Every structure is written in C-alpha cells, then in structure tokens.
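Hi everyone, thanks for making time this morning. I'd like to walk you through a structure, beginning with the ligand and then moving out into the fold.

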Amino acid sequence: MGAISLEFLQEELQRLRDQGLLTTIRTVSSAQGAHFVADGRRVLNLGSNNYLGLANHPALVEAARKAIERLGIGPGAVRSIAGTMSIHLELESKLTAFKETEATVSLQSGFAANLAVIPLLVGEGDFIFSDELNHASIIDGCRLSRAKVVRYRHADPADLEAAMERELSTNHEARRLVITDGVFSMDGDLAPLPAIVAVARRHDAMVMVDDAHGEGVLGDHGRGIVHHFGLSGQVEVEVGTLSKAFGVMGGFVSGPRVLTDFLRQRGRPFIFSSAMTPADTAAACAAVDILTGDDSLVKRLWSNTDRFKAELARMGFDTGRSQTPITPVMIGDAQQAQTFSRLLFERGVFAQAISFPTVARGQARIRAMISAVHSPSDLDFALQQLHDVGMEVGVI
Ligand SMILES: *Cc1c(COP(=O)(O)O)cnc(C)c1O
C-alpha cells in the first residue's frame, strides 16, 4: 500500500503559475526596517505593515529581552488553564486605556481575534451584515458562527440599509451584527463608520470594526478609526492586531467588559490555543507606551504618505481610493503586476504585486506601504524607480 498521490496539488499550482497568480515569497534575512535584505539583496522595503518602524525598535527589543530573562520563553498553557500571566493583563489594561474602551482581551493574532469573537455574538438564525471587501479572517469568523451572512456593497451604508430592511422585515427576534474593516487592507480606504453606526442603530444591530490597519495610523496618537471619527462608546466590538503598526505579533478584542468576560469563558482560540509569549506581550506593552506618550511617529507616517501619494499622482499613477499609507499602484493585469514588482526589485525596491483572489480579477496592483522610518531620500529613490518602471511597462 502506497501513499495517496497529491498530484492534483501540482496541477493546482501549475494553474496558478499559468494565470500569473503564483505569489513570489521572498526570504528576508535581516530585521524589518526601511531597508531589509530579501533573497540576499539589500532593498528599500515598501512591503511591510511596519508603519511606525516599531518592528525593530530598541525599546521593544529591550522589553522583550527583559521579559525573557524574567519570565522565560513560553506561556506554558492556554490562558484559561495556566497561561494567563500578569504581563498579559498589563497589556490588556494598557490597550484599554489607549483605545478608550471598557476592557480588552488579548489573543494570539488578529486572525484569531476574529475567529474568537464573531461566534460569541451571533449564531444559527441570526444575521451578519458584512462589507464585501472584508478581510479573510472576518469571513472565516462569520462562517464559524453559522449565522446568515449578508454581504453589502463595499463601504455603502445605503446598500447596508437596504439589505437590513430586506432581511429583517420578518425576523424581529434575530440578533444582528454589522462587521466592517476599519481601513481596507488592499485599497487603503476607510469604512464610512459614522453612517454605518447610524444605519445599525436604526435596525438594533451591533457594530464590530476590525481596525488592524487603523491602529497606530488613524486618530489622535494612532488610537484608531473609532477615535478618528469621534465614535467612542458607540461601536460594540473593536478587533485589533499587534502585528502591524505595533510592530509585534498578537491580536485583541476591545469593548464592553461583559464581552471580554464572555470571551474568556467561551472564545475558542482563547480557551483552546496557547497565549502570546511573554516576549511578544512585553514588546507590545512597550509599543503602546511609545504611542501613548508621543505622536511624532504617527505624524511622520502621515507626512511621508502625503508626499509619496502627491508625487505618484503628479507622475500619472492611479492610486485608487486610498486615504491612508496603504498605497495601491493600480496595474490591472496580474502578469503585468508581477513583472512590475520584479523590475522594481531588480532596481532595489521591494513592493509586492497583489492579484486575485486577494483583490478582484483585473484589479492587480503594486501595494506600496509607507512607513514613518522611510527617510526623504528613501522616498525619492522609491518614486524614481516607480517612475522608471512605470514608463518601461507602459503604465504611465
Ligand atoms: C492583517 C489583518 C488581520 C490579521 O492580523 P494578524 O494579527 O496578522 O493575524 C485581521 N484583519 C485585518 C483587517 C487585517 O488587515
């Protein structure tokens, strides 16, 4: 008896290759910073979510080192058995103060946070209204809940309201939850949160926002999209990640205490998967302290972003509907976007090509991520290479 052949996976891979949909995964052998070493080459890094340069910030490194010396490496267990350490609780209270919410629970990742919280709020017979461009981890969390998922048109409160009227007219008892990304990760646009909250209130629906790309970026000191729109206390659930602007690894759910109390009892990634490590947790604490105390990194992020986008527009590039440091450079064809990314890399600039299924077919793009730690000359260099490759492949 031999093993079952997995040849069908070879065929799937070949299909991806033929359609230009095979992602090139480069190997990075240095710290994440404005520059890094990818596939053995030192290049300018326009590919990471390290918005504020915290991923290799000395204060975070030092906090992690001290935590390892004091607390060791592993969390030992899932949190509900023996894995909740005082440093986890310390991080949670810092995040609660930073986000100006009532309580916070930390999890292993933003992905895990979505899987944990959504099934607690709705179940079979209930409704989720979900923006059609929501992140994959929201989509998976919705599936796990077994609620009926109704997708509304991207960032369209009128379509949300029409969907709610249609679905809820005969379902007066069912619970309803509206879920949206705060910042959409491939386009860099914002959810129209004030209008979404208003629609939700009219239909007695809870609102959940996944602020993965908003924390550390939007609002005073980077407190996130809820703060940006002045909606504190009006959004029931905020999901966040510690892996983007915060520069570490981990996720969290922030909101009313009753929500986090229940999550600690019944959130499956909380009770069945081990906790964040002491080092990650300590580093995340240091990141929150930096953001709380000083908004200069957030300000630099925005001045870099504004300058970069203004120059791209002047050159004739289309950056879609971006309102944030996520800067899509629209190409269209997936193969051409791959070529564009490869040519940039050969010229010393790393920026990933993004195509289907991450974005719709025919909307392939280069995704340039701006960081506070890019210097003016880094931006000049990036703009020059984008210009030259854009001319070479005929995008501008
Ligand atoms: C990146 C991202 C996540 C996943 O966060 P991780 O901490 O990396 O698991 C979840 N939601 C959104 C909207 C994201 O952009």
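**Around the ligand**

Let's start with a lysine: an N or O atom in the side chain of lysine 244 sits 2.6 Å from an oxygen atom of the ligand. Taken by itself the ligand exposes 380 Å², and the protein buries 86% of that area. Please keep in mind as we go that this is a predicted model.

Who else is in the neighbourhood? The ligand is surrounded by 14 residues, and the closest are Gly110, Phe111, Asp210, Thr241 and Lys244. Two of those have polar partners that I'd like you to look at. Glycine 110 uses its backbone: one of its N or O atoms there lies 2.7 Å from an oxygen atom of the ligand. Aspartate 210 uses its side chain, where an N or O atom is 2.6 Å from a nitrogen atom of the ligand. And what is the make-up of the shell around the ligand, in nonpolar, polar and charged residues? It divides into two nonpolar, nine polar and three charged.

Now over to salt bridges. The structure holds 28 of them, and I've picked one to show you. Aspartate 211 pairs with lysine 99, with 3.4 Å between the closest N and O atoms. This salt bridge links distant parts of the chain, 112 residues apart: aspartate 211 is in the loop between β7 (206-210) and α9 (225-228), while lysine 99 belongs to helix α4, residues 86-99.

Next, please rotate to the open sheet of three strands. Its order is β1-β2-β11, and the pairing is mixed. The edges are β1 and β11 (349-350), each of which pairs on one side only. Let me take the two pairings in turn. Strand β1, residues 35-38, runs antiparallel to strand β2, residues 41-45, with four bridges between them. Within that pairing, phenylalanine 36 stands opposite valine 43 in β2. On the other side, β2 and β11 pair in the parallel sense over two bridges, and there asparagine 45 has phenylalanine 350 in β11 as its bridge partner.

Which residue in the hairpin of β1 and β2 takes a positive phi? That is aspartate 39, near 50 degrees, in a hairpin with two residues between the strands. I point this out because most residues other than glycine have a negative phi, and most peptide bonds are trans.

That brings me to the second backbone feature. The peptide bond joining phenylalanine 356 and proline 357 is cis, with omega about 10 degrees. To find it, go to the loop between β12 (352-354) and β13 (364-369), where proline 357 is located.

One last stop, on the surface. Leu6, Phe8 and Leu9 form a nonpolar patch there, and together they have about 300 Å² of accessible area. Leucine 6 from that patch lies in the segment before α1 (7-18).

So, for anyone who would like to go back to the ligand, the contacts to pull up are those of glycine 110, aspartate 210 and lysine 244. Thanks for listening, and I'm happy to take questions!

Key:
Residues numbered from 1 in each chain as written. Predicted model: local features only at pLDDT ≥ 70, side-chain atom pairs only at ≥ 80, totals over all residues. Heavy atoms only, no water. Near = heavy atom within 4 Å. Polar contact = N/O pair within 3.5 Å; in protein donor to acceptor, adjacent residues only side chain to side chain. Areas by Shrake-Rupley, 256 points an atom, 1.4 Å probe, with all protein chains shown as cover. Nonpolar A, V, L, I, M, F, W, Y, C, P; charged D, E, K, R; others polar. Patch = residues over 30% accessible without salt bridge, like charges linked within 9 Å, V, L, I, M, F, W, Y side chains within 5 Å. Salt bridge = Lys/Arg side-chain N within 4 Å of Asp/Glu carboxyl O. Pairing = 2+ DSSP bridges.
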